[in-house]
Amino acid sequence: MIDAQSRKGPARMRDAVNSVRSIFAIGITILVSATVLGSAGRSCSDGLHLNQIQVVGSHNSYHAGMGTHEMELLRARNPKAADDLNYSHPPLDVQLDRGICQIELDIYADAKGGRYSHPVWPRFLAAAKIPLDPDFDPQHLFDRPGFKVMHVQDLDYRSNCQPLVECLRIVRRWSQAHPGHLPIFILIETKESRERDYMTVPEPFTPEVFDALDAEILTVFAKSEIITPDQVRGAHETLEDAVLNGGWPCLEQSRGKVMFLMDQRKAGPAYLRGHPSLRGRILFTNARPGEPDAAFVEVNDPLADPKEIPSLVKKGYIVRTRADNTLREALDRANPMREAAMASGAQMVSTDFPVPEKSAVGFPVVFPPGSTMHCNPVNSFDGCSLVEPFPAHAAAADKH
């Protein structure tokens, strides 16, 4: 006969084993949770996710401005257009040195090369007996196949980098020389319009052309250097589901990388064809909230509905807005558009006047007290601080 004391031994043994199993199960749960947090609802050591920052970007970052005589002819024909196009930016790496974290590149498809090699504007200068400006393409880059970077074909075609792959190489060289930098947002605007009958008919952006665009980007950047829709989506069914549930990566995991964003919403369907929710794609589309690919949303006018951008940011979307539209706001010392953009929480505030490129009334677009990057005013947390090795250049702005 087994006494009560003898029975307690095996019971204690079972309890001990069950306790170990419970502890082991808890450990597995924690491990699994940590793995899940790596793709959605991430737990970040510094508390900051990619969507909890705000940076200054440059609008039409490649824009080198028109030639002196080209501008003279345009002003004679269309003074308003001349005012709108009368600006330029320094090379991309100089902008990045100054703390710009978002650039914009307008691209034209040119699969065979030569489509845009002979713009009509120089012929107009000759007809008007106005001297020609220096050749815009002395290396004949426009004769070669590949995406071209410019504002308006036949009219405003001078860029500080050319073609697209060379613009991207400049960014990558800068990135490699500055390890640990904040992610660089690269906005791509696909150009297909023809505003005047004399202008060259652009090549359309078909799904096949977008395949070529992705392939061209991957000749410069490795996928490991890019924040892609697949990485953000993780195990979620849709990209939108991921970002609405904390799917953006930690800022620390995003450092040293680039992220490509599509400007034109109308180009989204062609880019999505065969790639539901952007599976296998490189760019984030400018999508409407509620669509499967919605992660990035562009709201260029922060004054139209002051509640729209903060609402989108709080939900989890990344938003780009503008601090100035053409050059009109440059003449307004108060510039309510700039103030609304910075207060909106839009992660990217794009401008024609990044520091130290001041507007006509003397103000660059910077966050107080002179920063080009800081914690997001809408969705970051109390006590958040963002100290960068390439801080804002308030001193540089004061010298200009």
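Helices and strands are taken here as DSSP runs, of at least four residues for a helix and at least two for a strand, and are numbered from the N terminus. On that basis, the protein, seen here as a predicted model, has 14 helices and 9 strands. Buried residues make up 52% of its 400 residues. The protein exposes about 18000 Å², and carbon and sulfur atoms supply 56% of that area. Among contacts with a sequence separation of 6 or more, 73% join residues that are 24 or more positions apart.

A good place to begin a tour is the interior. The largest nonpolar core holds 80 residues, and the members that touch the most others are I186 and F260. Helix α6, spanning residues 164-177, gives the most to this core, with 7 residues. The surroundings of F260 can be listed in full once residues up to four places away in sequence are set aside: L168, I186, I188, I217, F221, I226, I282, L283 and F284. A second core, separate from the other, has 20 residues, including Y108, M150, L155 and Y157.

Helix α12 (residues 308-315) offers a view of how one element packs. Its buried residues are I309, P310, L312 and V313. Seen down the axis of α12, these residues fall within an arc of 165°, so they line one face of the helix. This fits a general feature of helices: an α-helix has 3.6 residues a turn, so residues three or four places apart point the same way. The cover over the buried residues of α12 includes strands β6 (296-298) and β7 (318-322). After the helix comes G316, with a positive phi near 130°.

Strand β8, made up of residues 348-351, contains T351. Buried means under 20% relative accessible area; T351 counts as buried because its relative accessibility is 0%. Apart from neighbours within four places in sequence, T351 is in contact with V56, G57, S58, H59, H89, A323, D324 and V365.

The tour ends at the largest pocket, which has a volume of about 840 Å³. Its lining comprises 38 residues, of which L85, H151, V152, K191 and E195 are the closest to the centre of the pocket. Several elements give two or more residues to this lining, namely helices α2 (68-77) and α3 (79-85) together with strands β2 (102-108), β4 (184-190) and β7. Strand β7 thus appears in two settings, as part of the cover of α12 and in the lining of the largest pocket.

Definitions and conventions:
Residues numbered from 1 in each chain as written. Predicted model: local features only at pLDDT ≥ 70, side-chain atom pairs only at ≥ 80, totals over all residues. Heavy atoms only, no water. Core = buried A, V, L, I, M, F, W, Y, C linked by side-chain atoms within 4.5 Å. Buried < 20%, exposed > 50% of the residue type's maximum accessible area, 1.4 Å probe, protein only. Contact = heavy atoms within 4.5 Å. Areas by Shrake-Rupley, 256 points an atom, 1.4 Å probe, with all protein chains shown as cover. Arc of directions from axis to C-beta. 1 Å grid on protein atoms, 1.4 Å probe; cavity = no way out; pocket = protein on both sides within 12 Å on 5 of 7 lines; lining within 4 Å. Points joined across faces, edges and corners; volume = space filled by probe spheres on them.
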